[in-house]
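Reader: Got a minute? Let's walk through this one.
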Amino acid sequence: MTKSAETDTSDIPIIDVQKYMNNVEAKEQCKKVVQSLHEHGILIVKDTRATQEDNDSFINVMEQYFEQTDFTTDARPNFSYQIGVTPELKERPRNHCARIAKLDPMHQPVTLCPPQLDKKSRFYWRIGKRPENTKFKELNAEPVIPAGFPEWPDVMNTWGDKMLATLHVVASMAAEGFGLEKDIFHKKMTNGPHLLAPTGSNFNRYGTLGTVLAGYHYDLSFLTIHGKCRFPGLYIWSRNGRKILVRVPDGCLLVQAGKEMEYLTGGYVRAGFHEVVVSKETVEAIEKRAAKQQSLWRVSSTLFAHIASDLVLQPLDSFKTEESLKMYPAVLAGDQVQAELNLIELGTGYTLNR
């Protein structure tokens with residue numbers, strides 16, 4: 001692996017959702033949200049409504065699924081893999097080699113240039129209501145329920161709904177911290193194509209030190225939220241180019257800013273770059289679980305929250321300047337998502353015309 005001087009997330013403050021909801025230190029919590037999103041593109045969040053028990057139940061089911069699926073029966077390539085399963089070696093991160101070259105060599109990702117196909121798999125399960133009428137049927141399709149998992153809808157919806165509820169509160173905190181209307185993001189997220197999107201990485205095949213499971217990239221969503229993973233290996237980059245190993249404290253969740261957030265804030269918050277790599281700590285976790293004959297599938301407990309597909313993305317209010325409007329011209333959220341999917345080789349040939 002490339003020599004690196006990365007630090008970890010221990011110095012990033014924990015955002016307490018309950019304090020905000022109970023109006024205890026609410027302004028201070030909102031201030032922390034804005035600062036952390038601006039500087040690091042992430043939040044470490046505590047929400048007692050989203051329990052570790054729910055996360056564990058979800059991961060247990062997903063480990064079983066990834067161990068037995070053929071990655072074909074439940075795949076929906078005609079919907080840009082935005083429902084059902086996505087096989088490994090299908091998604092390719094966008095080429096950010098020019099950006100990587102500008103980073104300090106000690107803080108560069110392991111991802112090769114040009115990037116290779118990701119070794120991760122994924123399953124997409126829709127969360128929340130979808131609009132009755134939309135231009136973007138492909139992004140709002142009906143879910144796929146795998147055979148042999150009668151508990152599937154209940155487990156998926158229980159965990160997905162709780163994480164989405166956390167993001168709605170976080171969105172309100174961010175709005176207040178930015179000086180915007182409290183519910184502006186909440187309204188824009190209503191009926192969005194939110195996706196519970198657990199990622200599966202097979203360490204029976206890809207457990208070698210230095211293996212890149214998910215190449216250097218940003219998320220195309222508004223906000224991404226993760227429950228705590230059983231295997232380390234996620235690295236993020238702060239706004240100043242510093243490489244950071246993610247360590248999520250017990251009982252906490254990780255939130256990342258996506259491209260839709262970047263649009264709405266005119267770049268004040270940037271979509272956070274990250275990659276997933278088999279590190280020394282990952283190998284240690286693999287060895288411990290192998291000794292106990294436990295599953296060697298790394299499952300990320302992930303949900304992508306989106307702005308509703310038929311709404312316009314553009315810098316809001318105080319973020320709206322001549323420069324920001326030039327960098328982030330008005331575009332339908334669905335158009336932006338479709339174009340991004342095409343660029344990572346999951347789309348159906350869609351391009352964005354400006």
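Author: Start with what covers helix H10. The cover over its buried residues includes helix H7 (259-264), strand E15 (312-313) and strand E16 (331-332). Buried means under 20% relative accessible area, exposed over 50%, partly exposed in between (1.4 Å probe, protein chains only). Helices (H or I, at least four residues) and strands (E, at least two) are DSSP runs, numbered from the N terminus.

Reader: Why is H10 largely enclosed by the rest of the structure?
Author: Because nine of the 11 residues of H10 (residues 333-343) are buried. Among them are Asp-335, Gln-338 and Glu-340.

Reader: What does Glu-345 do just after H10?
Author: Glu-345 takes a positive phi of about 70° there.

Reader: Where do this model and its numbering come from?
Author: This is a predicted model; local features need pLDDT of at least 70, side-chain atom pairs count only at pLDDT 80 or more, and totals for chains, interfaces and linings use all residues. Residues are numbered from 1 along each chain as its sequence is written, and side-chain values use heavy atoms, with hydrogens and water left out.

Reader: What's the mean pLDDT?
Author: For the protein chain it is 93, and 95% of residues reach 70 or more. pLDDT is the predictor's confidence in each residue, from 0 to 100.

Reader: Where does pLDDT stay under 50?
Author: Over residues 349-354. Where pLDDT is low, the predicted coordinates should not be read in detail.

Reader: New topic. Is the Cys-113 to Pro-114 peptide bond cis or trans?
Author: Cis, with omega near -5°. Pro-114 sits in the loop between helix H4 (97-101) and strand E5 (121-126).

Conventions:
Contact = heavy atoms within 4.5 Å.
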